[in-house]
Amino acid sequence: MHETGLCEAIVAAAVRRAAGRRVTGLRVRIGGHPVDPDVVAQGIQLAATGTVAADTTVDLVLEPMTVACHECGRSGPVDDHVALVACPGCGGVDIEVTGSDDVVLESITVASAGRAAV
Ligand SMILES: [Zn+2]
């Protein structure tokens with residue numbers, strides 16, 4: 001599974017950005033991947049164990065993939081794999097998948113200054 005490495009990468013990015021401060025919240029944007037948000041959130045919290053982000057909450061923002069059909073003009077978000085190979089509207093296969101498939105650490109929340117480690 002990719003998720004473990006992905007979660008570790010997100011935590012590593014958050015820890016780097018926190019620069020020694022304690023991380024209390026992570027906001028992660030997931031584009032395209034039909035992932036189970038609970039799995040990702042748990043993976044992130046697991047990967048954060050022992051870091052400054054150990055007690056963080058995880059806020060996931062899911063962005064669905066979008067499919068545009070060249071045959072009937074239908075365009076819209078999809079949430080299952082079938083729609084990625086055939087248009088849900090007309091069944092045509094001349095479709096274009098758009099939208100980001102990135103997983104991005106969007107923002108972090110850190111504990112207020114004053115308690116930050118030097
Ligand atoms: Zn169509």
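In what order do the 3 strands of the antiparallel open sheet stand? Before I answer, please keep in mind that what we have on the screen is a predicted model. The order is E4-E3-E5, with antiparallel pairing throughout an open sheet, and the edge positions belong to strand E4, residues 75-78, and strand E5, residues 95-98, each of which pairs on one side only. Neighbouring strands in this sheet are turned against each other by 30° on average, if one ignores direction. As for the individual pairings, strand E3, which covers residues 65-69, meets E4 in the antiparallel sense over 4 bridges, and one of the residue pairs there is Met 65 with its bridge partner Val 78 in E4.

Let me turn to the other sheet. Here 3 strands are arranged in the order E2-E1-E6, again as an open sheet, but with mixed pairing. Its edge strands are E2, residues 57-63, and E6, residues 103-110, each paired on one side only, and the average turn between neighbouring strands, direction ignored, is 15°. Strand E1, residues 23-31, pairs with E6 in the antiparallel sense over 7 bridges, and within that pairing Arg 27 stands opposite Ser 107 of E6. Helix H2, residues 37-48, packs on this sheet, where it touches E1 and E2, and its direction makes about 145° with that of E2.

I would like to stay with H2 for a moment. The helix has 12 residues and spans 16 Å from its first C-alpha to its last, close to the 16 Å expected at 1.5 Å a residue. Its buried residues are Val 40, Gly 43, Ile 44, Ala 47 and Ala 48, and because these fall within an arc of 130° when one looks down the axis of H2, they line one face of the helix. On the other side of H2, by contrast, Asp 38, Val 39 and Leu 46 are exposed. Just after the helix, Gly 50 adopts a positive phi of about 85°.

That brings me to the interior. The largest nonpolar core contains 19 residues, and those with the most contacts inside it are Val 11, Ala 14, Val 23, Leu 26, Ile 44 and Ala 53. Helix H1, residues 3-18, together with E1, H2 and E6, each supply at least two residues of this core, and H1 gives the most, with 5 residues. If we take Ala 53 and leave aside its neighbours within four places in sequence, we find it in contact with Val 11, Ala 14, Val 15, Val 23, Leu 26 and Ala 48.

Methods: Residues numbered from 1 in each chain as written. Predicted model: local features only at pLDDT ≥ 70, side-chain atom pairs only at ≥ 80, totals over all residues. Pairing = 2+ DSSP bridges. Axes fitted to C-alpha atoms, helices over the stretch in contact; angles between N-to-C directions. Contact = placed C-beta atoms within 7 Å. Core = buried A, V, L, I, M, F, W, Y, C linked by C-beta atoms within 7 Å. Buried ≥ 20, exposed ≤ 12 C-beta atoms within 10 Å, placed from the backbone. Expected span 1.5 Å × (residues − 1). Arc of directions from axis to C-beta.
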